[in-house]
Amino acid sequence: MKPLLLEYIWTDLCSRYTADDALVKSAYGQLVAAYGSEGRYYHTLTHIRNMISSAFTHEALIQDKDAFLFAIFFHDIVYDATAKDNEEKSARAAVDFLQKINFWEEELVTVAQMILATKTHTPGDMPDTAMLLDVDLEVLGADAATYRTYSEQIRKEYAMYPDEVYNPGRKKVLEHFLEKPFIYATAAFREQLEIPARTNIENEIATL
């Protein structure tokens, strides 16, 4: 998905709620700047493109497509590897923008809830949230080479920490996934990616 296409998707999405082209263009510029900021290697626009591509693939399983897409665009807009409130700040940024374009109030809350769910990867009883989390974690079940690139990019994002600090922390995060009955929250993703995801995670743990 080329950058221009990503901007088209954003513009088309926003145009359903506002005619303020300047606001939409400015907000997209802020998204590009945020996801392209220094220190990001995995949580970039490439991640957003991949999630949106997957969302289109699983479109029939998504109930509120507009809310879903807005949640994707904003879910990592704030990303600081040393902070613990990235999701809260990202949700707040989404709400601030969506209020400006007069997005439906009840759906605005839904977007915020979906973004906040990426903090613990707990979907609750919301099908769209379950799908969002699975799309976000799709890389865990990728082929070995893609997963290795992902894990290397995550390590770069935490470059401020030496191995003796990073490795135990990363191992704890990965083991948390393995301890869950299922890594993926939806049947569609479990069937395709659950086994390779567990294999990838076990292999990474062995290197830490």
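Contact here means heavy atoms within 4.5 Å. Keep that cut-off at hand for the exercises below, which explore a predicted model.

**Exercise 1. Find which residues of helix H9 are buried, and what covers them.**

*Step 1.* Start with the helix itself. H9 runs over residues 163–179, which is 17 residues. At 1.5 Å a residue these should span 24 Å, and the end C-alpha atoms are 23 Å apart, so expectation and model agree.

*Step 2.* Now list the buried residues: Tyr-166, Asn-167, Arg-170, Leu-174 and Phe-177. Around the axis they cover an arc of only 95 degrees, which puts them on the same side of H9.

*Step 3.* Turn to the other side of H9, where Glu-164, Lys-172 and Glu-179 are exposed.

*Step 4.* Look for the cover. Helix H8 (144–157) and H10 are included in what covers the buried residues of H9.

**Exercise 2. Work out why helix H7 is described as largely enclosed by the rest of the structure.**

*Step 1.* Recall the cut-off: a residue is buried when its relative accessible area is under 20%.

*Step 2.* Apply this to H7, residues 127–136. Nine of its 10 residues are buried, so the helix is largely enclosed by the rest of the structure.

*Step 3.* Name the nine: Asp-128, Thr-129, Ala-130, Met-131, Leu-132, Leu-133, Asp-134, Val-135 and Asp-136.

*Step 4.* See what they pack against: helix H3 (45–57), helix H4 (65–74), helix H6 (105–117) and helix H10 (187–205).

**Exercise 3. Take three salt bridges, Asp-12 with Arg-16, Lys-119 with Glu-87 and Glu-204 with Arg-170, and decide for each partner whether it is buried or partly exposed.**

*Step 1.* For context, the whole structure holds nine salt bridges.

*Step 2.* In the first pair, the side chains of Asp-12 and Arg-16 meet at 2.8 Å, N to O. Asp-12 has a relative accessible area of 31%, so it is partly exposed. Arg-16, with 45%, is partly exposed too.

*Step 3.* In the second pair, the closest N and O atoms of Lys-119 and Glu-87 are 3.5 Å apart. This pair links distant parts of the chain: Lys-119 sits in the loop between H6 and H7, and Glu-87 in helix H5 (residues 86–100), 32 residues apart. Lys-119 is partly exposed at 38% relative accessibility, while Glu-87 is buried at 17%.

*Step 4.* In the third pair, the side chains of Glu-204 and Arg-170 meet at 2.9 Å, N to O. Here, too, distant parts of the chain are linked, with Glu-204 in helix H10 and Arg-170 in helix H9, 34 residues apart. Glu-204 is buried, with a relative accessible area of 8%, and Arg-170 is buried at 9%.

*Step 5.* One more connection: salt bridges that share partners join Asp-12, Arg-16 and Asp-66 into one network.

**Exercise 4. Identify the residues that touch the most other members of the largest nonpolar core, then follow the contacts of Phe-74.**

*Step 1.* The core has 60 residues, and those touching the most other members are Trp-10, Phe-70, Phe-73, Phe-74, Phe-97 and Leu-140.

*Step 2.* Ask which helix gives the largest share: H4 does, with eight residues.

*Step 3.* Follow Phe-74, leaving aside neighbours within four places in sequence. Its contacts are Trp-10, Leu-31, Tyr-35, Ser-90, Ala-93, Ala-94, Phe-97 and Ile-115.

Methods. Residues numbered from 1 in each chain as written. Predicted model: local features only at pLDDT ≥ 70, side-chain atom pairs only at ≥ 80, totals over all residues. Heavy atoms only, no water. Buried < 20%, exposed > 50% of the residue type's maximum accessible area, 1.4 Å probe, protein only. Helix = DSSP H or I, 4+ residues; strand = E, 2+ residues; numbered from the N terminus. Expected span 1.5 Å × (residues − 1). Arc of directions from axis to C-beta. Salt bridge = Lys/Arg side-chain N within 4 Å of Asp/Glu carboxyl O. Core = buried A, V, L, I, M, F, W, Y, C linked by side-chain atoms within 4.5 Å.
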